[in-house]
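User: Could you take a close look at one part of this structure for me, the enclosed space inside the protein? Please give the cut-off behind each term as you go.

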Amino acid sequence: MLIRLLREHLAPYRRWLLAVVLLQGLGVVAALYLPSLNADIIDNGIVAGDTGYIVRVGAVMLGVSAVQLLASVGSAWYGARTAMSLGRDLRGALFHRVQTFSAREVNQLGAPSLITRTTNDVQQVQMLVAMASIIAVTSPIMMVGGIVMALREDAGLGWLLGVVVPALFVAVGFVVSRMVPSFRLMQVRIDAVNRILREQVAGIRVVRAFVREPYETRRFERANDDLTDVALRAGRWMASLFPIVILLVNLGSVAVIWFGGHRVDAGETGVGSLTAFLSYLMLIMMSVMMATFMLMQVPRSAVCADRIAEVLDTRTSVTPPADPVPLDPARRGWLDVEGVSFAYPGAADPVVCDVSFSARPGQTVAVVGSTGSGKTTLLNLLARLVDATSGTVRVAGTDVRQLDPDELWSDLGLVPQKAWLFSGTVRANLLHGRPDATEADLWAALEVAQARDFVEAMPEGLDAPVSQGGSNFSGGQRQRLAIARAVVRRPSLYLFDDSFSALDVATDARLRAALRPVTTEATVVVVAQRVSTILEADLIVVLDDGRVVGLGTHADLVLDCPTYREIVASQLGVEEGDAA
Ligand SMILES: Nc1ncnc2c1ncn2[C@@H]1O[C@H](COP(=O)(O)OP(=O)(O)OP(=O)(O)O)[C@@H](O)[C@H]1O
Ligand SMILES: [Mg+2]
């Protein structure tokens, strides 16, 4: 999965990668050449007392060092650019993919997880690329080249490499194999901490109100401690890695000097060669270390890549048609629901079952039913936020699945049950309804939504700030702004999901009166609790457990629908109570 992800998303940066590879190759060749030049100076310059030779070879060494420096700066530069661009692309791809998701896929993956995947997981993959762009080419060349060059300097000491290098591999391999499971666990526990934190921050008021703070604090502490534990475990192994490697390197150096010293004494090799051999040993050890670090990152990034790919491979269940039918202008506002059922994935029982009704422009359909009876789900089906499991929803005479979703949605004015505002200003939120609306349109819509007073009362008026989700407005104000946003759009189909619930009876009545002239040409579907709203409807759909148990006008239903009579009775009780 990691490889596939990298292959797909690194493709645009092939040139940079090529530069990284070439520069790394150049750098490592230069690094390998330096110790042998140094040996030359010692053996043929200093020992022979030839100052001219020392200066000449010294100059070459300087040149080679400069090449090495430039090559590593260059490869790090291109490597960083590649890694950062990859991160940006992956985040962009994730964001665009999530944008296409219907409510179903977002539920399935979970919003907190989607956020972790877009931030933390992408970062882990990015880190691997950044590391690889420094190490991947250098390390193997350095290892093999170091061995070859060391043998060239003094083959007689070659057996030492045969002992030290495998010992290093075994030691480092052992430590890394201990660390990898901890890293994997760490990713899972970071997720857990994120989840708890998110839940508690989002629900802070509920936590306070129910005096759950001590419990929630303990819950967070536990998750936090778990994460610390596993990070510490990995950290302890990591801490032991360096001393082990340094110990091996020092033992190796002592052995080289001991055995090499005897060989120099015997005249079998020069001091310079011995020095070079030592340098090569260091290079080999360094390459093993670098390779280790990268190998350590690979499993971690692989886990993250799987999680990223899972999102990128999820296709929305609401797919736009290949060949969309244009909206029929002559039938704008027509709504026909034919035997529609919907079941959540994995659930056996449908939440909406075999619902049928029709409405024409100028009509109002009220959907009533007890809580959990499927009203919101039905509206989501009408707006094609989810697709029906069976049956057909027709808007403007065409199956919604054959319409271009953007065209469909731009002709809908949906006011969701949980009025959601975007951070920004009131104006920006209203313009979501229709970007080219004029100032006068906005005020007119606010007037209809009974929101004009409180917007006018704010010193900034239309430019008053809105915080995330609209949390700086009251529930009723939020609802009215959401209604104004839908009105600005002037759609031919309004969908109100319990949108008047937070309004007092008088405001509710004024709002409905103001809506009437606006919606003469449009169809209105309204999920309602108040009898006063329901009474005006041309058609009432009574839902019980997802099934239609009553369909008709108030007058019909009072006569022959017991569920409806119950609802009305309970509502009248409430309204009498309100009046008292
Ligand atoms: N994402 C989901 N996954 C699984 N089941 C769900 C999901 N969302 C809602 N349901 C179930 O679908 C049923 C209908 O929910 P829906 O939100 O449509 O009810 P509602 O009539 O709008 O209720 P309310 O009046 O409280 O808003 C409920 O029983 C609920 O448990
Ligand atoms: Mg609902």
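Analyst: Happy to help; here is a walk through the enclosed space, with a short stop at the metal site at the end.

This is a predicted model, in which local features need pLDDT of at least 70 and side-chain atom pairs count only at pLDDT 80 or more, while totals for chains, interfaces and linings use all residues. Residues are numbered from 1 along each chain as its sequence is written, chains are lettered from A and ligands numbered from 1 in the order in which they are written, and side-chain values use heavy atoms, with hydrogens and water left out.

Searching the whole structure turns up 2 cavities of 30 Å³ or more. A cavity here is a set of points, on a 1 Å grid over the protein atoms alone, where a 1.4 Å probe fits but cannot get out; lining residues have an atom within 4 Å of a point. Points are joined across faces, edges and corners, and the volume is the space filled by probe spheres set on them.

The largest cavity holds about 40 Å³ of space. Around it sit Leu381, Val386, Asp387, Ala388, Gly391, Thr392, Val393, Val400 and Arg401. Strand 4 (residues 390-395) is the top contributor to this lining, with 3 residues; strands (E, at least two residues) and helices (H or I, at least four) are DSSP runs numbered from the N terminus. The lining of the largest cavity comprises 5 nonpolar, 2 polar and 2 charged residues. In this scheme Ala, Val, Leu, Ile, Met, Phe, Trp, Tyr, Cys and Pro are nonpolar, Asp, Glu, Lys and Arg are charged, and the others, Gly among them, are polar.

The second largest cavity has about 30 Å³. Its lining consists of Leu421, Val426, Asn429, Leu430, Val466 and Leu481. Here helix 13 (residues 426-431) gives the most, with 3 residues. By class, the lining of the second largest cavity has 5 nonpolar residues, 1 polar and no charged.

Now for the metal site. Thr376 (OG1) and Gln417 (OE1) coordinate the magnesium ion (ligand 2) at 1.8 to 2.2 Å. Thr376 belongs to helix 11 (residues 375-382) and Gln417 to the loop between strand 6 (412-415) and strand 7 (424-425), so the pair ties together parts that are 41 residues apart in sequence. Donors are N, O and S atoms within 2.8 Å of the metal (3.2 Å for Na, K and Ca), and water is not among the atoms, so sites may look incomplete. Thr376 is partly exposed at 28% relative accessibility, and Gln417 is partly exposed at 41%; partly exposed lies between buried (under 20% relative accessible area) and exposed (over 50%), with a 1.4 Å probe and protein chains only.

Conventions
1 Å grid on protein atoms, 1.4 Å probe; cavity = no way out; pocket = protein on both sides within 12 Å on 5 of 7 lines; lining within 4 Å.
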